[in-house]
Amino acid sequence: MTARRPLWKTVLGVVLTALMLFPVYWLVNVSLTQTSDLRSDPPHWFPWEPTFEGYQAVFGQQLPALGTSLLVGFGCVVLTLVIAAPAGYALALLNLRGGRTLNFLLLVAQMVPAVVMAMGFYAVYNSLGLLNTVGGLIVADSTIAVPFGVLLFTAFMSGIPRELLQAARVDGAGAWRTFWSVVLPVSRNSALTVSLFAFLWAWSDFIFASTLNRNGDLVPITLGIYNYIGNNTTQWNAIMATAVVASVPAAVLLVVAQRHVAAGVTAGAVKD
Amino acid sequence: MTSTPATVGTRGTHPGPRGAAGTVPAAPAAPAAPARRRHRGPSASQWAAVGFAAPLLVYLVVFYAYPLWRNIDLSVHDYTIRAFVQGNAEFVGFENYAEVFSSSTFPTALVNTVLFTFVSIVFQFAAGLALAVFFRSGFRLSSTLRAMFLVPWLLPLIVSASTWSWMLNSDNGIVNSVLGAFGLEQINWLTSPDTALLSVTIANIWLGIPFNLVILYSGLQNIPGEVYEASSLDGAGPWRQFWSITFPLLRPVSLITLLLGLIYTLKVVDVIWIMTTGGPGDASTTFAIWSYREAFGTGQPDFSPAAAVGNILILIALVFGFLHLQLQRRQEAS
């Protein structure tokens with residue numbers, strides 16, 4: 001494979017990537033296009049005279065929505081970790097009775113369509129008065145991430161060498177201390193992976209936001225964009241600017257943490 | 001996934017994370033089995049185990065089982081908005097289900113769900129596999145370009161869906177403009193009943209390619225290079241190699257990828273809802289969209305039929321879900 005690296009493959013690769021990413025380019029392009037040029041025929045392929053009106057509109061109107069999304073994202077990360085990490089420990093290292101069944105239930109839970117969960121939550125929240133609250137949205141969003149988190153923690157933790165745990169026991173550590181000072185530090189890459197996806201899913205969620213939180217004072221950014229489209233079909237540059245801003249944290253997280261994600265899924269953490 | 005999740009999950013959504021969730025899980029049960037035989041009776045460590053799992057158990061009951069039960073409850077009562085507030089909905093048994101099955105939307109939604117799901121996963125899979133094989137051959141920039149292919153997958157679905165809406169816009173969309181340059185007539189992608197389903201399917205294929213690429217690429221990594229070397233010594237060309245080595249050896253991973261794709265595509269709401277809201281008429285209405293529209297999409301929420309449709313959808317997803325688990329178990333055994 002390394003002997004010869006034909007140039008045509010690189011060229012083809014670049015062309016394919018460009019085709020695949022064209023919608024992303026178009027998103028950025030439109031976000032910078034002058035309102036008067038949006039409907040020109042043919043469309044402007046490149047924003048020769050870029051405008052930042054769209055972005056000004058975002059920061060003028062959508063800052064609260066961005067804040068809400070951050071809050072929901074972080075809330076979801078915390079809730080997911082608090083539930084998934086101890087459960088993973090119980091399943092992987094404490095030989096929980098009925099662990100197989102629990103694993104199976106978690107797999108099944110991942111197959112339940114979000115729209116069905118949304119209806120169930122709507123009925124429950126309606127009686128509890130939790131509709132249109134940020135807390136309610138955090139809990140609903142976490143249902144996407146918790147089963148994934150438990151399964152990932154379990155898979156990783158069952159690879160932790162037993163000698164490490166026995167050493168802790170010899171030193172007199174109980175189950176809790178072993179979890180807190182040995183298992184958790186060793187599993188930090190998994191925790192990072194779980195956090196990353198919990199955040200991304202909560203940040204990008206549309207179904208729960210549009211059903212459980214649609215009349216809230218604090219709407220997340222996905223709903224901000226959706227309402228924007230509804231009210232404002234002429235200013236696609238502003239809509240697209242909002243979309244670009246909404247994509248930034250996702251992109252940043254994955255670029256910055258990509259290495260950790262790969263490491264978390266594959267490598268053992270005993271070395272570091 | 002869709003992040004999904006994939007994943008993924010997911011995400012998508014979204015879905016990779018979703019894929020990882022599907023592929024990692026069953027491993028942990030193995031070391032648990034022999035140890036369990038050693039300890040009998042509720043030992044101290046068993047209490048600790050229950051303690052650590054307790055938050056999850058409570059969580060699953062309160063935030064999974066209870067909403068799902070409420071959903072079943074909705075589907076066997078006649079819930080109107082008033083009944084919802086007063087809590088005195090009339091019990092109607094399977095009437096809502098009967099109504100759903102005899103509704104004129106049912107055959108359309110069924111056909112649309114099948115078409116949307118089937119066409120999406122076939123093309124996602126084919127493109128993902130072709131790209132995975134292409135990227136595996138290793139060339140300058142290949143790992144960078146492969147990483148860039150993930151971008152569509154990590155964008156929030158509302159972002160990709162609204163971008164596609166604007167690209168497919170009848171009057172000002174780039175797609176029609178390019179087609180026009182080749183002398184084709186304007187196509188009303190999202191507003192014509194003939195092309196609405198096609199349009200959302202195209203967008204969904206685009207969204208799903210990264211997920212398929214990731215899973216299939218990692219599957220390819222597990223095929224030892226020597227197999228290829230031996231076959232090229234025997235004079236097999238790339239085409240021959242693909243059909244006699246790559247394809248058969250990749251079969252287990254492919255099956256899992258296709259089934260996960262199926263389960264996740266059945267659930268899709270965001271993309272279709274944002275691009276067409278299931279319309280025009282019912283032209284791009286799938287079961288998931290139908291359920292969403294009845295409950296939340298109109299000014300007049302109709303929860304009971306929506307819940308009935310949702311429960312039918314759960315049943316379909318579970319059938320394929322069990323198929324997936326069965327396959328996975330068989331692979332671990334072999």
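## Touring a predicted two-chain model

Guide: Chain A of this predicted model has 12 helices and zero strands. Ask away!

Visitor: What pattern does chain A follow when you read along the sequence?

Guide: Start from the count: chain A has 12 helices and zero strands. So there is no β to write down, because strands number zero here and helices are DSSP runs numbered from the N terminus. Read along the sequence, the pattern is α-α-α-α-α-α-α-α-α-α-α-α.

Visitor: And how many helices and strands are there in chain B?

Guide: Chain B is the one with 334 residues. Its count comes to 17 helices and three strands.

Visitor: What share of chain A counts as buried?

Guide: A residue is called buried when its relative accessible area is under 20%. Chain A has 272 residues to sort that way, and the buried share is 57%.

Visitor: How much area does chain B expose, and what part of it do carbon and sulfur atoms supply?

Guide: Buried residues make up 57% of chain B. As for what is on show, chain B exposes about 14400 Å², and the carbon and sulfur share of that is 65%.

Visitor: Which parts of chain A does UniProt annotate as "transmembrane region"?

Guide: This comes from an unreviewed UniProt entry, so take it as a record's label. Two of the spans can be checked against the model: residues 7-28 are 100% helix with end C-alpha atoms 30 Å apart, and residues 137-157 are also 100% helix, with ends 29 Å apart. The full list in the entry is 7-28, 70-92, 104-125, 137-157, 178-203 and 236-257.

Visitor: How far apart are the end C-alpha atoms over residues 109-135 of chain B?

Guide: The unreviewed UniProt entry includes 109-135 among the "transmembrane region" spans of chain B, along with 196-217. Residues 196-217 are 100% helix, with end C-alpha atoms 32 Å apart. Residues 109-135 are 100% helix and 0% strand too, and their end C-alpha atoms are separated by 38 Å.

Visitor: Which residues make the nonpolar surface patch that includes F118(B)?

Guide: F118(B) lies in helix α6 of chain B, residues 105-136. F118(B) can join a patch because its relative accessible area is 54%, and patch residues need over 30%. The patch covers about 470 Å², and its members are L110(B), V114(B), F118(B), V122(B) and F123(B).

Visitor: Which residues form the negative surface patch?

Guide: Let's take E95(B), one of its members. E95(B) is found in helix α5 of chain B, residues 95-102, and is partly exposed at 48% relative accessible area. The whole patch is D78(B), E90(B), E95(B), E99(B) and D302(B).

Visitor: How many salt bridges does a search of the whole structure find?

Guide: The search runs over all chains. R293(B) and D282(B) form a salt bridge, with the closest N and O atoms 3.0 Å apart, and the cut-off is 4 Å, so the pair qualifies. The total is one.

Visitor: Where do the two partners, R293(B) and D282(B), sit?

Guide: The pair links distant parts of the chain, with their positions 11 residues apart in the numbering. R293(B) is in helix α16 (residues 287-297), while D282(B) is in the loop between α15 (270-276) and α16 of chain B.

Visitor: Is R293(B) buried or exposed?

Guide: Its partner D282(B) counts as partly exposed, with 22% relative accessibility. R293(B) has a relative accessible area of 15%. Because buried means under 20%, R293(B) is buried.

Visitor: What is the phi of T277(B) near?

Guide: T277(B) lies in the loop between α15 and α16 of chain B, and counts as partly exposed at 36% relative accessibility. Its phi is positive even though the residue is other than glycine, and the value is near 50°.

Visitor: Which loop holds N132(A)?

Guide: N132(A) is not a glycine, yet has a positive phi of about 60°. N132(A) is also partly exposed, with a relative accessible area of 30%. Its place is the loop between α5 (114-128) and α6 (134-157) of chain A.

Visitor: How far apart in space are L145(B) and F135(B)?

Guide: L145(B) sits in helix α7 of chain B, residues 142-148, and is buried at 6% relative accessible area. In sequence L145(B) and F135(B) are 10 residues apart, and in space, C-alpha to C-alpha, the distance is 8.7 Å.

How values were computed
Residues are numbered from 1 along each chain as its sequence is written. Chains are lettered from A and ligands numbered from 1 in the order in which they are written. This is a predicted model: local features need pLDDT of at least 70, side-chain atom pairs count only at pLDDT 80 or more; totals for chains, interfaces and linings use all residues. Side-chain values use heavy atoms; hydrogens and water are left out. Patches are made of residues with over 30% relative accessible area and no salt bridge: like charges are joined within 9 Å, nonpolar side chains (Val, Leu, Ile, Met, Phe, Trp, Tyr) within 5 Å. Accessible areas come from the Shrake-Rupley method with a 1.4 Å probe; for residues, only the protein chains shown count as cover. A salt bridge is a side-chain nitrogen of Lys or Arg within 4 Å of a carboxyl oxygen of Asp or Glu. Lys and Arg count as positive and Asp and Glu as negative; His and the chain ends are not counted. The place of a charge is taken as NZ of Lys, CZ of Arg, CG of Asp or CD of Glu. Helices (H or I, at least four residues) and strands (E, at least two) are DSSP runs, numbered from the N terminus. Buried means under 20% relative accessible area, exposed over 50%, partly exposed in between (1.4 Å probe, protein chains only).
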